[in-house]
Amino acid sequence: MYSLQTPWDPIKSIDLGFFELHFYSVMWIIAFVLGFYVTKRIWKNENESSDSLDSLFIYSVLGIMIGARLGHVIFYQSELISEDFFSIFLPFSFKDGIRFTGFQGLASHGAAIGMIISMYLYNKKVLKKSVMWILDRVVIPVALGAVFVRLGNFINSEIVGIKTDSAFGVIFLQNSENFARHPAQLYEAFCYIFVFLILLYFYWKTNKSKQQGFLFGLFLVLLWTVRFFVEFLKEPQGDEDLAAFFGDILNNGQLLSIPFILIGLYFMFAYKPKRELK
């Protein structure tokens with residue numbers, strides 16, 4: 001079995017002289033660009049203006065990135081608040097000198113919360129339609145973007161899986177290891193492709209987009225269910241204080257996923273909007 005396992009030691013960045021281009025950052029850029037074009041198709045189908053689409057892109061980028069960063073700090077690396085506060089908001093470390101690091105910690109739970117808040121602000125300031133109407137549509141490109149974010153994690157050899165003797169195991173040489181781990185990042189990325197395709201199907205081929213909250217709820221249920229089960233094959237990502245509080249039955253990622261799944265089920269089957277779309 002060991003002979004079938006894959007050594008993994010990619011180049012993580014390219015030094016352009018005046019700037020170091022990290023492939024992880026490239027994956028985020030691809031996620032936002034592809035997400036923009038998917039949303040453009042949806043906006044065209046809904047007869048919405050290109051100006052409102054441009055504003056949506058800005059709100060989405062800021063909401064997701066700020067939320068993802070704060071989520072990581074709050075849930076997994078709270079020591080940064082006292083030890084290196086400005087690195088929370090800037091792609092630099094100021095501890096023991098100034099050095100460019102990029103944003104090395106981004107949490108999907110925080111990204112989800114940031115997206116919801118930014119869509120509320122976007123609707124209030126720009127679209128003035130319904131927050132749920134927006135969320136039902138933006139979750140489609142968000143699901144696609146999640147694929148590339150996990151590919152970026154794989155390139156960085158981070159969010160690794162637990163040890164395995166499986167032929168699917170990957171040896172993360174960048175982490176100075178000589179044993180194989182589950183490529184949990186690839187498991188998630190593969191599953192998120194199907195989350196995206198399922199959402200796309202329900203939007204284009206059914207009338208579920210007229211049932212406010214359904215697509216948003218479906219997104220939450222599918223994405224966080226994937227996250228919940230893949231977590232069984234992951235190493236802990238940071239402090240597990242929340243898991244310890246609940247007796248270490250589940251890890252932080254799983255405990256944080258459960259509320260999103262329950263909220264998703266509510267929006268799919270119990271949510272009653274004040275006014276139905278005609």
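**Exercise 1. What does the accessible surface of the protein come to, and what share of it belongs to carbon and sulfur atoms?**

Before you start: this is a predicted model, where local features need pLDDT of at least 70 and side-chain atom pairs count only at pLDDT 80 or more, while totals for chains, interfaces and linings use all residues. Residues are numbered from 1 along each chain as its sequence is written, and side-chain values use heavy atoms, with hydrogens and water left out.

Solution. Step one: the total is about 14900 Å² (Shrake-Rupley method, 1.4 Å probe). Step two: carbon and sulfur atoms hold 65% of that surface.

**Exercise 2. Work out where I140 sits and what it touches.**

Solution. Start with the helix: I140 is part of α5, residues 131-155 (helices are DSSP runs of H or I, at least four residues, numbered from the N terminus). Next, check burial. I140 has a relative accessible area of 0%, so it counts as buried (under 20%, using a 1.4 Å probe and protein chains only). Then list its contacts (heavy atoms within 4.5 Å). Skipping neighbours within four places in sequence, I140 meets V38, I42, F196, L199, L200 and Y203. Finally, look at G35: its C-alpha is 8.2 Å from that of I140, although 105 residues separate the two in sequence.

**Exercise 3. Is R150 buried or exposed (exposed means over 50%)?**

Solution. First find R150, which is also in helix α5. Its relative accessibility is 7%, so R150 is buried. Now for its partners: beyond four places in sequence, R150 touches eight residues' worth of listed company, including S108, E188, Y192 and R227.

Conventions:
Helix = DSSP H or I, 4+ residues; strand = E, 2+ residues; numbered from the N terminus.
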